[in-house]
Amino acid sequence: FFAAVPLAISFYSSHKLEQNVAPLTRQTNAQKHSFFDSLKTSFQFIRTSQLMLWSTAAVLFFMFSARLLEFYYQGIIYPQAFPDTQDRAAFFGQYEIIANISSLIIQLTFSRWLLNKFGVSQSNMVYPVLTLIAGLGLLVAPGLLMGVIAHFINQELRQSIRSPASNLLFNAIPHHLWAGCKAYLNGLIYP
């Protein structure tokens, strides 16, 4: 359920994004505001923007479902597969080397292709779908292999697929509001 909700929110917000995106204009010197004016304007935009409201909902559900997945593979599967902490540490060392190299390769090749081929809104669907598959996989076949797959999707693919696509969503936000909106989502909603 918790993986399906971010998927549904992502689908709806990507559909709305395609309907409501307008070209951005650059901020001129005459449009510059004080820090507090910018903060006030950002929060007014956050309250009235459907993109920001749906992004807030998606981030909240994502945060909960990602932590649930993480608890399952980190707190249950890995300790069962590697009861000895030395063996678990050796496994994590090997996993991190392979996962980080794979993540970099995916980000440099597949993410670019995905964004070029399907655009920002459809590319934002890939990570929630994969997270849903990982959650279902852990329910159907809990074990070390599925735990490693869920771990890779939850951590590495978040950085290599989700982050580039979701960062590009900010292009739909007026340029002078980017900092306030990013601080809101990345600092207050997803600490």
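## Starting with one serine

Is Ser 163 buried or exposed? Ser 163 counts as buried, because its relative accessibility is 16% and the cut-off for that label is under 20%. This serine sits in helix H5. Its C-alpha lies 9.7 Å from that of Gln 107, although the two are 56 residues apart in sequence. Keep in mind that we're looking at a predicted model here.

## The whole chain

Zooming out, the protein chain is built from 6 helices and 0 strands. Read from the N terminus, the order of elements is simply α-α-α-α-α-α. The chain has 191 residues, and 38% of them count as buried.

Now for contacts along the chain. Take those with a sequence separation of 6 or more: 83% of them come from residues 24 or more positions apart. As for the surface, the chain exposes about 11,200 Å², and 66% of that is supplied by carbon and sulfur atoms.

## H3 against H4

Helix H3 covers residues 50–81 and helix H4 covers residues 85–140. The two pack at an angle of about 155 degrees, with 14 Å between their axes. H3 and H4 are therefore roughly antiparallel to each other, since angles over 145 degrees get that label. Their crossing is right-handed.

Who touches whom? On the H3 side, the residues in this contact are Phe 62, Leu 69, Tyr 72, Gln 74, Ile 77, Tyr 78 and Pro 79. Across from them, H4 brings Arg 88, Phe 91, Phe 92, Tyr 127, Thr 131, Ala 134, Gly 135 and Leu 138. Sorted by class, that makes 11 nonpolar, 3 polar and 1 charged residues.

## H3 against H5

H3 also packs on H5, and here the axes come within 9 Å and cross at roughly 140 degrees. This crossing is left-handed. From H3, the contact takes in Phe 62, Ala 66, Arg 67, Leu 69, Glu 70, Tyr 73, Gln 74, Ile 77, Tyr 78 and Ala 81. From H5, the partners are Leu 144, Gly 147, Val 148, Ala 150, His 151, Asn 154, Gln 155, Arg 158 and Arg 162. By class, the count for this contact is 10 nonpolar, 5 polar and 4 charged residues.

One H5 residue from that list deserves its own look: His 151. At 3% relative accessibility, His 151 counts as buried. Setting aside neighbours within four places in sequence, its contacts are Tyr 73, Gln 74, Tyr 78, Phe 92, Tyr 95, Glu 96 and Glu 156. Tyr 73, Gln 74 and Tyr 78 are among the H3 residues that meet H5, while Phe 92 turns up in the H4 part of the H3–H4 contact.

## H4 against H5

What angle do the axes of H4 and H5 cross at? They cross at roughly 45 degrees and come within 5 Å, with H5 spanning residues 144–168. The pair is therefore oblique. The contact of H4 with H5 has 26 nonpolar, 15 polar and 4 charged residues.

A couple of C-alpha distances link these two helices to specific positions. Thr 109 lies in H4, and its C-alpha is separated by 9.8 Å from that of Ser 160, 51 residues apart along the chain. Thr 109 is partly exposed, with a relative accessible area of 48%. Ile 133 is another H4 residue, and at 49% relative accessibility Ile 133 counts as partly exposed too. The C-alpha atoms of Ile 133 and Ile 149 are 10.0 Å apart in space, with those positions 16 residues apart in sequence numbering.

## Phe 45 and a far stretch of sequence

Last stop is helix H2, residues 35–48, where Phe 45 lies. Which residues does Phe 45 contact, leaving aside its neighbours within four places in sequence? They are Met 52, Ile 173, Pro 174, Leu 177 and Cys 181. Leu 177 is 132 residues away from Phe 45 along the chain, yet their C-alpha atoms are separated by 8.0 Å.

Conventions: Residues numbered from 1 in each chain as written. Predicted model: local features only at pLDDT ≥ 70, side-chain atom pairs only at ≥ 80, totals over all residues. Heavy atoms only, no water. Helix = DSSP H or I, 4+ residues; strand = E, 2+ residues; numbered from the N terminus. Buried < 20%, exposed > 50% of the residue type's maximum accessible area, 1.4 Å probe, protein only. Contact = heavy atoms within 4.5 Å. Areas by Shrake-Rupley, 256 points an atom, 1.4 Å probe, with all protein chains shown as cover. Axes fitted to C-alpha atoms, helices over the stretch in contact; angles between N-to-C directions. Parallel < 35°, antiparallel > 145°, perpendicular 65-115°, else oblique. Left-handed = near helix turned anticlockwise from the far one by under 90°. Nonpolar A, V, L, I, M, F, W, Y, C, P; charged D, E, K, R; others polar.
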